[in-house]
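Here are some short exercises to work through with the model open beside you. Try each one yourself before reading its solution.

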There are 2 protein chains.
Amino acid sequence: MLSAACRDSIRAMIYIANLSKKEKYKDRFISIYKIARDLGLSFYFLSKNFQKLVKAGLLESHRGPQGGVKLLKPPSKIRLIDIVAVIDGMDFFNNCILGFEKCSDENPCSIHNLWADKRRQILSMFEKTTLEDAIRNIEKFENIKV
Amino acid sequence: MLSAACRDSIRAMIYIANLSKKEKYKDRFISIYKIARDLGLSFYFLSKNFQKLVKAGLLESHRGPQGGVKLLKPPSKIRLIDIVAVIDGMDFFNNCILGFEKCSDENPCSIHNLWADKRRQILSMFEKTTLEDAIRNIEKFENIKV
DNA sequence: AAGATTTAAGAGTATTTTATCTTAAATATA
DNA sequence: TATATTTAAGATAAAATACTCTTAAATCTT
Ligand code: FES
Ligand code: FES
């Protein structure tokens, strides 16, 4: 459902949001190299994907020593769907699951009535969930993967 | 979410199920060439994918004139998940949405608690929906795409 | 038996996605 | 000002997926 690029990006955004809460990193740029290393991701792949998030205005970047990226909005204002939309686009939520040209209630495929409902719920989840929510889970649960 | 191979296969299976209801095609083999033509799919791609469904015991195939494929079970006994499992596998339903090695309630990622629920509902839909259900929609609605 | 039809299987090609590399540009710091 | 650090951008490479082709095998029809 999510591309590898999108999965990595979401993980990294959650990581940045979480780190930004700590006094030490408050308002500071965090280097992409550090993020990739800490999360076990490819620095190359992550920086490439981050370029889209920067262009889209979700991240601010800064070059040179002490440079890196930081969130342009508080974690509570950044939804998962914002990241998905930038990296993967909204095709998943707009297109027919059986691959037909268009998807609509008026001209449905034979499983549209069942699928549209599920898809709406997934969309709703990605719209409602913010980086703040993810951070809260990290703080709340033991044994959680970041 | 579904691969192109899987989308095509599901459409084709629904088509076969629907056709099999008609007296003329009752218990007959339906040629893959005809199916692909009628659905606007690639004959090559579809026949390749069908090979998996044949091996998996969802389809029976027969070569030569009047050959083709036919369902091995009544449409009410073939669930969408059966087709998905054969063509795409169950990775989508088993793996972590953020790409972590394993997915479990005991060792979750930071959005597992939200995602696991949605994923369960999608799985449930694919488990509950049979080719018979799709056919009923085709009969029930106008303007439906097959 | 011969020829036509149809799927099976494996090889081959094309496209997309993933991942990496290289060079340039910006900027902090010494 | 020189150097080191860090992202930007575009080119390249590798891997996965999508799609096509060729030959063989099965089997129906004549
Ligand atoms: S038309 Fe197929 S999912 Fe909407
Ligand atoms: S651990 Fe990530 S979805 Fe379950």
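**Exercise 1: Neighbours in the core**

Leaving out residues up to four places away in sequence, B:I35 touches B:A12, B:Y15, B:I16, B:I30, B:L46, B:F50 and B:V69. Keep in mind that this is a predicted model.

Task: Find which residues have the most contacts inside the largest nonpolar core.

Solution: Start with the core itself, which has 98 residues. Next, pick out the residues with the most contacts inside it: A:I35, A:F50, A:F126, B:I35, B:F50 and B:F126. Finally, recall a general tendency: in soluble globular proteins, nonpolar side chains tend to be buried together.

**Exercise 2: A serine in a helix**

Task: Decide whether A:S9 is buried or exposed, then describe its surroundings.

Solution: First, locate A:S9 in helix α1 of chain A, which covers residues 4-21. Buried means under 20% relative accessible area. A:S9 counts as buried because its relative accessibility is 0%. Now follow its side chain, which reaches the backbone oxygen of A:A5 at 2.7 Å. Beyond four places away in sequence, A:S9 touches A:N49, A:L53, A:I83 and A:I87.

**Exercise 3: Two helices crossing**

Task: Describe how α1(B) and α4(B) cross.

Solution: Begin with the axes of α1(B) (residues 4-21) and α4(B) (residues 80-87), which come within 10 Å and cross at roughly 140°. The crossing is right-handed. Then list the contact residues: B:A5, B:C6, B:S9, B:I10 and B:M13 come from α1(B), while B:L80, B:I83, B:V84 and B:I87 come from α4(B). Sorted by type, the residues of this contact are eight nonpolar, one polar and no charged.

Note on methods:
Residues numbered from 1 in each chain as written. Chains lettered and ligands numbered in written order. Predicted model: local features only at pLDDT ≥ 70, side-chain atom pairs only at ≥ 80, totals over all residues. Heavy atoms only, no water. Helix = DSSP H or I, 4+ residues; strand = E, 2+ residues; numbered from the N terminus. Buried < 20%, exposed > 50% of the residue type's maximum accessible area, 1.4 Å probe, protein only. Polar contact = N/O pair within 3.5 Å; in protein donor to acceptor, adjacent residues only side chain to side chain. Contact = heavy atoms within 4.5 Å. Axes fitted to C-alpha atoms, helices over the stretch in contact; angles between N-to-C directions. Left-handed = near helix turned anticlockwise from the far one by under 90°. Nonpolar A, V, L, I, M, F, W, Y, C, P; charged D, E, K, R; others polar. Core = buried A, V, L, I, M, F, W, Y, C linked by side-chain atoms within 4.5 Å.
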